[in-house]
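The exercises below ask the student to read a protein structure with care. Please examine the sequence and the model before attempting each task.

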Amino acid sequence: MSVHSDVKKITTHVLQEMKRNGERIAMLTAYDFSLARILDHAGIDVLLVGDSASNVMAGHETTLPITLDQMIYHASSVVRAVQRALVVVDLPFGSYQGNSKEALQSAIRIMKESGAHAVKLEGGREVKESIERILTAGVPVMGHLGLTPQSIYKFGTYVVRAREEEEAQRLIEDARILEQAGCFAIVLEKIPASLATKVAQEVKIPIIGIGAGNGVDGQVLVLHDMLGINNEFHPRFLRRYLNLYDDIKAATGRYIQDVKNRDFPNEKEQY
Ligand code: KIV
């Protein structure tokens, strides 16, 4: 029997038990109350209030501009919708890189002001001290390695990471460091499937992949990509489950026609 089907609330411990039992973890991003509610009712295990909100909600080219206040706004909307899923919130760019005290203060603001259950931050050994300090306050931390979009100007491109042996080796070491520091799970973004599988075998904490193949412990996608709301993004790893861009555009077109033709509202739709 699956671990998670009979639990009322997904916790970091449930996720670790799911890994031990070989049960895959399903995670999606969410940024608002209405969609988060549907995802929670559908039985999603983890909702990530990702800083991808900067792209899909605010229309920025990168994740860098989104602020801590804006992340807290999105996170509190999601938390109000959720009964069962674990809600993890990204620490945005500039809210934790300065030093571990800043990281702790940002994590505390997220937990206190949004009611979320955990935070996520990008990076390996360079954020170890911050992770340890956040954990001293009892805040669970999810790591993020591989393609880390907050460092896009350092990478210069969104291509697959860690194809070379040296970078792959460093990523494996970083995953071990994050596990030792106390992370409850790690996201691996856009790295070779064989490397991601190796990491998932070498650490005991769950590894959640995005563009990291099928040998990891769970998967995450950006909601607007998997629902086809954003129809301009076609990475190989993305599976689209709907084509909402076309559906919403067509519905809007029908509404416009009905208004222009004076078909809406009809007699039953008025007082
Ligand atoms: O911000 C985000 O949506 C993320 C996922 C891509 C993992 O970090």
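The exercises that follow treat domains, cores, the ligand and several single residues in turn.

**Conventions**

This is a predicted model, in which local features need pLDDT of at least 70 and side-chain atom pairs count only at pLDDT 80 or more, while totals for chains, interfaces and linings use all residues. Residues are numbered from 1 along each chain as its sequence is written, and side-chain values use heavy atoms, with hydrogens and water left out.

**Exercise 1. Domains**

State which domains the protein chain is given and what separates their centres.

Solution. Step 1: the assignment, which comes from an automatic or database domain assignment, gives domain 1 as 3–240 and domain 2 as 246–271. Step 2: the centres of domain 1 and domain 2, taken over C-alpha atoms, are separated by 40 Å.

**Exercise 2. The nonpolar cores**

Determine how many residues the largest nonpolar core has, and which helix gives the most to it.

Solution. Step 1: recall the term. A nonpolar core is a set of buried Ala, Val, Leu, Ile, Met, Phe, Trp, Tyr and Cys residues joined through side-chain atoms within 4.5 Å. Buried means under 20% relative accessible area, exposed means over 50%, and partly exposed lies in between (1.4 Å probe, protein chains only). In soluble globular proteins, nonpolar side chains tend to be buried together.

Step 2: the largest nonpolar core has 63 residues, and L47, V119, I134 and L188 have the most contacts inside it. Helix 4 (residues 68–81) gives the most to this core, with seven residues. Helices (H or I, at least four residues) and strands (E, at least two) are DSSP runs, numbered from the N terminus.

Step 3: another core, of 18 residues, lies apart from the largest one, and L86, M142, I208 and V220 are among its residues.

Step 4: consider I134. Not counting residues up to four places away in sequence, I134 touches L91, A103, L104, A107, V119, L121, V139 and V141. Contact here means heavy atoms within 4.5 Å.

**Exercise 3. The ligand**

Identify the residues around the ligand and the side chains with an N or O atom paired with one of its oxygen atoms.

Solution. Step 1: a residue is near a molecule or strand if one of its heavy atoms lies within 4 Å of it. The residues around the ligand are T29, L48, G50, D51, S52, D90, K120, H144, V187, E189, I210 and V222.

Step 2: examine the distances from an oxygen atom of the ligand to an N or O atom in each side chain. A polar contact is a pair of N or O atoms within 3.5 Å; within protein, one must be able to donate a hydrogen and the other to accept it, and residues adjacent in sequence count only if both atoms are side-chain atoms.

| Side chain | Distance |
|---|---|
| S52 | 2.5 Å |
| D90 | 3.1 Å |
| K120 | 2.9 Å |

Step 3: taken alone, the ligand exposes 260 Å², and the protein buries 95% of that. Accessible areas come from the Shrake-Rupley method with a 1.4 Å probe; for residues, only the protein chains shown count as cover.

**Exercise 4. Backbone geometry**

Find which peptide bond is cis, and what phi is for A162 and K190.

Solution. Step 1: the peptide bond from F264 to P265 is cis, with omega near -5°. P265 lies in the segment after helix 11 (244–260).

Step 2: A162 is not a glycine, yet its phi is positive, near 60°. A162 is in the loop between helix 7 (152–155) and helix 8 (165–181), and it counts as buried because its relative accessibility is 3%.

Step 3: K190, also not a glycine, has a positive phi of about 50°. K190 is in the loop between strand 6 (185–189) and helix 9 (193–202).

**Exercise 5. Surroundings of A116 and M111**

Is A116 buried or exposed, and which residues are in contact with A116 and with M111?

Solution. Step 1: A116 is in the loop between helix 5 and strand 4 (118–120). A116 counts as buried because its relative accessibility is 6%.

Step 2: leaving aside neighbours within four places in sequence, A116 is in contact with V79, V87, V89, I110 and M111. The C-alpha atoms of A116 and V79 are 6.1 Å apart, although 37 residues separate them along the chain.

Step 3: M111 is in helix 5 (residues 100–114). With the neighbours within four places again left aside, M111 is in contact with A116, H117, A118, V119, V139 and P140.
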